[in-house]
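Reader: Could you go through this complex with me, taking the chain contacts before the folds?

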Amino acid sequence: MNINLTLIGQAISFAIFVWFCMKFVWPPITSALEQRKKKIADGLSAAELGEQALEKAKIDVDSKLSEAKSEAKNIISMAEKRQSDILDEANVKASEETSKKLKLAEQEVEQLSMRLKESLKKDVSKLVVEGAEMILKKEIDKSVHDKAIQDLVTKI
Amino acid sequence: MAAGAQTGSEYIKHHLTNWTFGKDPSDGVWKIAETAQQAQEMGFYAIHLDSMGWSVALGFIFILLFGLVGRKATTGVPGGLQNSIEIVIEFIDSNVRDTFSHTNKLIAPMALTAFVWVLLMNLMDLVPVDFIPQIATYIGVHFFAMDPHHVYFKIVPTTDPNVTMGMSLSVFFLALFYSIKNKGVGGFVGELTLHPFTSKNLLIKLILIPINLFLEGVSLLAKPISHGLRLFGNLYAGEMIFILIALLPLYAQWTLSVPWAIFHILVIVLQAFIFMVLMVVYMNMAHDTGDH
């Protein structure tokens with residue numbers, strides 16, 4: 001338990017170790033700790049920002065979705081209207097066409113019946129005349145009776 | 001027990017003597033002391049080779065370990081070594097922040113150095129008392145042809161008052177330096193002479209100066225001495241008990257040495273911590289101005 005130069009030796013080595021620690025140990029490690037702390041804080045705040053952005057995006061998406069839905073509804077209703085329009089138009093056109101065709105057919109039928117009547121008239125009159133001729137051949141002058149038949153024909 | 005021929009008290013004395021290199025007063029030659037008597041006669045001009053060697057080696061372990069981590073310190077996910085070093089650093093940092101209320105870049109690294117270094121030196125106390133001294137004796141006898149009774153080897157530097165006082169006196173002189181730097185010579189002298197007794201009357205004030213100086217002087221000088229001797233005393237006592245336990249018969253030693261070693265783990269950490277905290281407290285007092 002002698003006090004001697006070891007005291008001074010220890011003081012010197014203490015000073016050297018403290019100097020080394022102050023120069024090469026303490027600053028890098030504490031700065032690393034500090035930076036890591038900052039990094040973690042930054043990460044946390046970034047995560048929070050991201051969450052907020054996500055929330056916003058969700059709201060955005062919702063509004064866009066409802067917009068798109070209403071637009072789609074609009075388009076569908078317009079298409080329905082257009083469809084009924086087209087159908088109506090087609091109906092009108094078709095009925096017009098049919099009535100036109102009907103009219104034409106009626107006219108044709110009328111003409112045909114007229115012609116038939118004419119020819120029937122002629123045939124009947126001829127037959128009548130012939131019959132009458134056959135019956136009256138000897139008694140009736142042809143010319144006088146022609147005139148009478150003509151009158152009859154016109155009467156028919 | 002170490003050498004068979006020794007008596008108990010010789011064994012203890014042998015274990016408490018340092019490996020001393022110094023100037024022999026009888027012929028003025030620098031040499032290694034062969035007996036405890038000779039080591040004592042060498043007086044101040046001697047150096048304890050074992051204390052110095054172990055303390056410097058342990059200090060190198062500290063700076064190599066921490067320096068390595070400091071050089072490779074990553075801000076990302078730390079590895080196991082960096083993590084444990086960071087725990088120590090943060091522990092010291094929070095302690096210094098709590099105790100030291102001023103700005104001084106020296107204090108925290110100094111506290112870290114003191115804590116880890118003292119802790120490592122104290123830890124040597126847990127190495128069985130005869131382990132390394134026996135190896136040293138073997139080397140001394142076989143390679144240097146020494147008398148086995150002349151090989152002295154203490155492995156716990158903090159059981160050497162030179163080591164603990166060397167550190168506490170460094171802190172003391174640093175505290176004096178900062179006191180004078182921060183308070184000025186006048187402020188420092190005023191602190192020593194105008195407290196704790198004070199008066200508004202100038203004459204009484206003058207009379208009180210020597211009383212104050214005496215009281216403050218004693219408390220000023222008591223700080224480094226108690227600071228260094230507290231650490232020394234605790235570790236010396238611990239070492240002494242280990243040595244006493246080593247005197248028991250071989251089969252009975254563990255019944256005492258194991259509980260004492262387990263208890264001593266607490267002492268080792270606690271004393272290192274106390275040494276560090278007192279150092280920071282004294283430094284804080286040296287920086288405190290005004291509120292006295």
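Author: What follows takes up the model itself, then the contact between the chains, then the sheet and a helix pair.

Reader: What kind of model is it, and how is it numbered?

Author: This is a predicted model, in which local features need pLDDT of at least 70 and side-chain atom pairs count only at pLDDT 80 or more, while totals for chains, interfaces and linings use all residues. Residues are numbered from 1 along each chain as its sequence is written, and chains are lettered from A and ligands numbered from 1 in the order in which they are written.

Reader: What ipTM and pTM does the predictor give the complex, and what is the mean pLDDT of chain B?

Author: The predictor's ipTM for the complex is 0.88, and its pTM is 0.75. For chain B the mean pLDDT (the predictor's confidence in each residue, from 0 to 100) is 88, with 97% of the residues at 70 or more. Among the elements of chain B, the lowest mean, 83, belongs to helix α2 (residues 36-41) and the highest, 95, to α5(B); helices here are DSSP runs of H or I with at least four residues, strands are runs of E with at least two, and both are numbered from the N terminus.

Reader: How many residues of each chain are in contact?

Author: On chain A there are 30 residues in contact with 46 residues of chain B, where contact means that the C-beta atoms, placed from the backbone, lie within 7 Å. The side of chain A that touches chain B has 20 nonpolar, eight polar and two charged residues. In this scheme Ala, Val, Leu, Ile, Met, Phe, Trp, Tyr, Cys and Pro count as nonpolar, Asp, Glu, Lys and Arg as charged, and the others, Gly among them, as polar.

Reader: At what angle do α1(A) and α5(B) pack?

Author: Helix α1 (residues 6-136) of chain A and helix α5 (residues 107-123) of chain B pack at about 115 degrees, with their axes 8 Å apart; the axes are lines fitted to C-alpha atoms, for helices over the stretch in contact, and angles run from 0 to 180 degrees between N-to-C directions. The two helices are therefore roughly perpendicular, a term that covers 65 to 115 degrees.

Reader: Which residues make that contact?

Author: From α1(A) they include A:Phe17, A:Met22 and A:Trp26, and from α5(B) they include B:Pro109, B:Leu112 and B:Trp117. By class, the residues of this contact are 11 nonpolar, one polar and no charged.

Reader: Changing topic, what is the strand order of the sheet in chain B?

Author: The order is β2-β1-β3, in an open sheet of three strands with antiparallel pairing, two strands being paired if DSSP finds at least two bridges between them. Strands β2 (30-32) and β3 (46-48) stand at the edges with a single partner each, so one side of each has no neighbour in the sheet.

Reader: Where does B:Gly22 pair?

Author: B:Gly22 stands opposite B:Lys31 in β2(B), and B:Ala46 is its bridge partner in β3(B). Strand β1 (residues 20-23) of chain B pairs over three bridges with β2(B), and β1(B) also pairs over three bridges with β3(B).

Reader: And which helix lies across β1 and β3 of chain B?

Author: That is helix α3 (residues 49-72) of chain B, running at about 50 degrees to β3(B).

Reader: Last one: how do α4(B) and α9(B) cross?

Author: The axes of helix α4 (residues 80-99) and helix α9 (residues 253-287) of chain B come within 9 Å and cross at roughly 35 degrees. The contact is made by residues including B:Val96 of α4(B) and B:Val280 of α9(B), and its residues divide into four nonpolar, three polar and no charged.

Definitions and conventions:
Two residues are in contact if their C-beta atoms, placed from the backbone, lie within 7 Å. Angles under 35 degrees count as roughly parallel, over 145 as roughly antiparallel, 65 to 115 as roughly perpendicular and the rest as oblique.
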